[in-house]
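Hi,

Here is the model I said I would pass on. Have a look at it first, and then read my notes underneath.

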Amino acid sequence: MKDGFTMVPGWPAWVLSLALIPLLVVPSFAQVFNPRTFELDNGLQIVVIENHRAPVVTHMIWYRAGAADEPAGKSGIAHYFEHLMFKGTKTRAPGEFSEIVASVGGRENAFTSQDYTGYFQTVAPQHLATMMELEADRMTGLVLTSEIIEPERKVILEERGSRTDNNPSALLSEQVAAATYLNHPYRLPIIGWAHEIENISLADLEAFYKTWYAPNNAVLVVSGDVDPDEVFQLARKYYGPIAARDLPPRIRPSEPPQRAPREVVMRDARVEQPSWSRRYLAPSYTSGASEHAYALEVLSEIIGGGTTARIYRSIVVESALAASAGAWYSPGSLDLTTFGFWFSPRPGVKISDVEAAIDEQISKLLADGVTEDELDRAKRRLIDSAIFARDSVSGPARIFGAALASGQTVDDVEAWPKRIQAVTVEEINAAARAVFNPTASTTGILLPAEPGNKS
Amino acid sequence: MSLSLMRGLRAPVFALAILLVPVSAQAIEIQRVISKGGIEAWLVEDHSLPIISMRFLFPGGAATDPIGRQGTANMVSGLLDEGAGDLDSQAFQSRLADESISLSFNASRDNFGGNLRALTRNRDEAFDLLRLALTQPRFDPGAVERIRAQILAGIAARKNDPNQIAQRTFWSATFPDHPYSRPREGTAESVAAITDVDLRTFVTRRLARSELIVGVVGDITPDDLRVLLDQTFGDLPERAEAYTIPKMEPAAAGDVIVVQKKNPQSRVVFGQKGLYRDDPDYYSALVLNHILGGGSFTSRLYDEIREKRGLAYSVFSYLLPMDSAALWLGGAGTENAAVSVSVELVRNQWASIRAFGVTQDELDKAKANLIGSFGLRFENSAAISGMLVAVQRRDLGIEFLNERNDLIAQVTLEDVNLVAKRVLDPAALTVVVVGDPENIDATHTIREDG
C-alpha cells in the first residue's frame, strides 16, 4: 500500500474476519445491507450503501486484478502499480491527487491483495464528485516515465525491507506460501521477490495497466451519507465516458492434488520465540468444494476462535503447552484458500509435543465431530458480530468490494447470516473430513539459530 | 488466502474511514451524567444500533510500576478478565464469548484503562462482568502463569524487532533512571519476578472511584446509565493512592546512537523535546508538525525523503505529550547506505523550518486538512468513547470536540514560525539507528551482533 499499510497478507486476523461479515442482521434475514446496485454501459459495476449517521462518505474503486494476475516472472507488479497510481496523469501533475484529497480534509490510501487492487478516499459528501473526477482520471490517464517509476521502485524495495526482509516470520511466511501452492500464483509474495521488483520495466507496467485498468474490470462502492440516485448520476458523468476494454480471461494455473505433506523449517539468529503453523488447502466461497465454505467458517470459530475455543482451551489452558494458539480460515479468495492452525510454545516445551497435541485435537474432531451446543454458540457469535460490523461506514464498502472483486455476488453477501444459520453439525463434520487430509498440509516452523551458530 | 501469510505484521490496514459523528461543530452532543453515588460519565446517546460501547480509565499506569517489577500494570491488564468472583478463567471467558461481549484492559505509561462493548440485550450482563473484573479479580495461579507466559513470549518475539530495539534505545537514552525509560510491558527478568501481591497491590492502589474517567456511546439513556455506573463502579474504593512521576526534560540531546545489527535495512528513530498538552503553543505546533512530517502523503519529510529520492517507504513525525515529559518524535526505515543522507535531510528540514519558517500556502493546506479530517477520527463507537475519555483526562472541557477546529483555524503563520524557533532544534535531535548504516558519525555504538 501506498502508506504504512499495504497488502492484504499483512491484514490482522480481525480484518480477515470482518471482511467476511455482513453488517446488518434482522431476525428474518430478509435483508442484510440493502444496497442499491447499478451498472454503467461501459460495464462499471456500482454498489451504494446508505448510512446517514454522519456527513461522511467512503468512495472506493476495486479492480479485479491482484498479484495472482501478474505475468510470470513479474512478481510485485500489481503492488508496484498501486503505488504509481498516485503519480500524475495527462491532466494532473504528480502529487496533485493527494494534495487535493488532503486539501479537503480527506483520507486516502490503497491496497493490493492476491485477487484485487483497491483505492479509497473518505471525505465529506460535498467532495464526492471531486473524488470521482480524480479516480476516473487515473483509471486510464496515468502518465509513466522512467523518472517517475525509478524513485518509486526504491520506495517499494524499502517497503519490502521493512515488511519482509527485516522480519524473520514474514520471510518464513513467503517460504511457506511457496510450499503450500506448487502451481497456483498464490505461491508468490504480493510485494514481489526483490530480484523481480528490480527488473520490472516501464513497458511491463504500462502493459499491466492497459490490460486490467478498465471500467468493465472495476467495482465502484460508495458508502455513507449519500443519495444513491445522485451517486449513479455522478458516476455516469465521471466514469461513463471511459471506454470498456477487451479483458483477458482471469485464468490462473490451478493446484494439482497434493500427495505429500510439506514442512518448511527456518532458523534465524533474530528469532527468540519459536512459532509453528500448519495449513491445509481448503475450498473458498468460489473455488474447490465450495459447499463446505460456510461450515468451515463455523468450524473455525468452534476450534480456533478465541480463548474458549477447543485449541486454546486444550493446549494453552489445560495442558499449558503453548503460550498462545488458534486457527484461521478465510474463504473470500477467488481460488483455493487454506484452513490453518498456529501456536507459540511455552518456554522449554518442544515444538513436536505441541504439534502432537494439535494433531490429537484434529483426530478427535474427525472421530467425534462437533456438538450441537458448540454449533449454536459459534453461530450466535458469528451472527452477533455482523451487528457490530454495522458500527462503521467503510465496513460495508470493504465487504462488497472484496466480495465482488473475488467472484461473489451482492446476493451472496446478503445471504451470509442465513447461510451461517443454516449450517448443521453433519455439514461441519463432512467439511472437516474433506479438508483435514494429512497429506494435503504444509507446516512452517520458525526457530532460533542453532546454538553456537549465531549467523 | 494471502491473509494467512505474514502473520507477524500488525499493519492497521483500514485505520481510516468511518465515522458516526459529524465533522462540523455543534454536531456532537455530549451529556454529562452523574450517578447517585457521584460517579461521572460523558455520554453520546445513539439508539440507531443495539450496541453500547464504554471506555474507562484510571490515571496511573506502567510508570507507577515498582522498580524490578516493571510490567505489573500490563500484567494486571491481561489478568482482570481471567477469572473474577465465583467464575474461574474459562467460566468468565465463556460468559463473555457466549454473550458476544468484548471486554479488554490496557496499561499505557500514564494510565490504566479498559473497553467494554456489548449488544443491548446483553448490557446488564456485560456491566456485571466488568464489576466483577474490577472488584473481585481472582489471579488464580494457572491464569497468572498463562498470562505471564504470553507476555514473556511477546517480549521474546519482539526482542530483535528493529523498531522495538530503536524505541527501547531511544527511551532509555532520553529518560535515564526515569520510569519512562523502562519498557511498558517490563523485561523478561521483571515479568518473571512479579508476584500475586504485586498484582493485587496495583489493583488496590490504582483502581478507585475518585479519579475514574468514563465515556459511553450508544444505545442507553442517561437514567439507565446512572444506575449501571453505581452498580459497576460503586464497590471500588473511594480514593486511589497518590503517586508522583517526576517531570523530566529529555536527555541525550544531539546524540547519534547506532545499534549495530546486520539487518538489510536500518530503522531510524529521532526526536527532541516537545510540548506539553497544555502548552499555549500546542495547536501551533500541531499545525507545524503536520507540515514537517505529520501529513500522510504531503509533508516535507515525505516529500524530501520518499517522494523525491525514494530513500524510505515510511517517514513521519509526531508530537507526544505525556504527563511527565513531552517529545517531538519521528521515524523512518531506510537502506543502510542511505541512512546518513536521510538523517541529514531530517536535520536540514528541522533547521530550515526553524530558520525560514513555513509558507502561507503550507499553513493553509495543513490547517484545511487538520480541520477537514477531524471528523474522520470518530471511526466507530469505541473511537468516540475513547475521545470522550481522552478529553476528560486532559481537562479540555465538555465543549472541546466542538471547539477544536476553531483552535486550529486561529493558528497564524506567525504563531507557527514562532513555535518553530522556540522548539525545533536540529542540534538537539537525538537519533537512534538500528542496522548496519554506512558513513554515519555515531556518538555511541552498541554492538548486539555476536
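Below is what I found, going from the domains of one chain to a residue at the other chain and then to a pair of helices.

Keep in mind that this is a predicted model.

Chain A first. The domain assignment splits chain A into domain 1 (35-239) and domain 2 (262-448). Their C-alpha centres sit 29 Å apart, and the contact draws on 31 residues from domain 1 of chain A and 27 residues from domain 2 of chain A. On the domain 1 side, the elements giving two or more residues are strand 2 (45-50), strand 3 (57-63), strand 5 (117-123), helix 6 (168-180) and strand 6 (218-224). Helix 6 of chain A gives the most, with eight residues. By class, that side has 16 nonpolar, 13 polar and two charged residues.

Next, Ser103(A), which is in helix 3 (residues 96-103) of chain A. Ser103(A) touches Lys365(B), Ala368(B) and Asn369(B), leaving aside residues up to four places away in sequence. It counts as partly exposed because it has 17 C-beta neighbours inside 10 Å.

Over in chain B, have a look at helix 10 (residues 300-307) and helix 11 (residues 339-356): they pack at about 155°, with axes 10 Å apart. That angle is over 145 degrees, so helix 10 of chain B and helix 11 of chain B are roughly antiparallel. The crossing is right-handed. Arg300(B), Leu301(B), Glu304(B) and Ile305(B) from helix 10 meet Ser342(B), Leu345(B), Val346(B) and Gln349(B) from helix 11. That makes four nonpolar, two polar and two charged residues in the contact.

Cheers

Terms used
Residues numbered from 1 in each chain as written. Chains lettered and ligands numbered in written order. Predicted model: local features only at pLDDT ≥ 70, side-chain atom pairs only at ≥ 80, totals over all residues. Axes fitted to C-alpha atoms, helices over the stretch in contact; angles between N-to-C directions. Helix = DSSP H or I, 4+ residues; strand = E, 2+ residues; numbered from the N terminus. Parallel < 35°, antiparallel > 145°, perpendicular 65-115°, else oblique. Left-handed = near helix turned anticlockwise from the far one by under 90°. Contact = placed C-beta atoms within 7 Å. Nonpolar A, V, L, I, M, F, W, Y, C, P; charged D, E, K, R; others polar. Buried ≥ 20, exposed ≤ 12 C-beta atoms within 10 Å, placed from the backbone. Domains from an automatic or database assignment.
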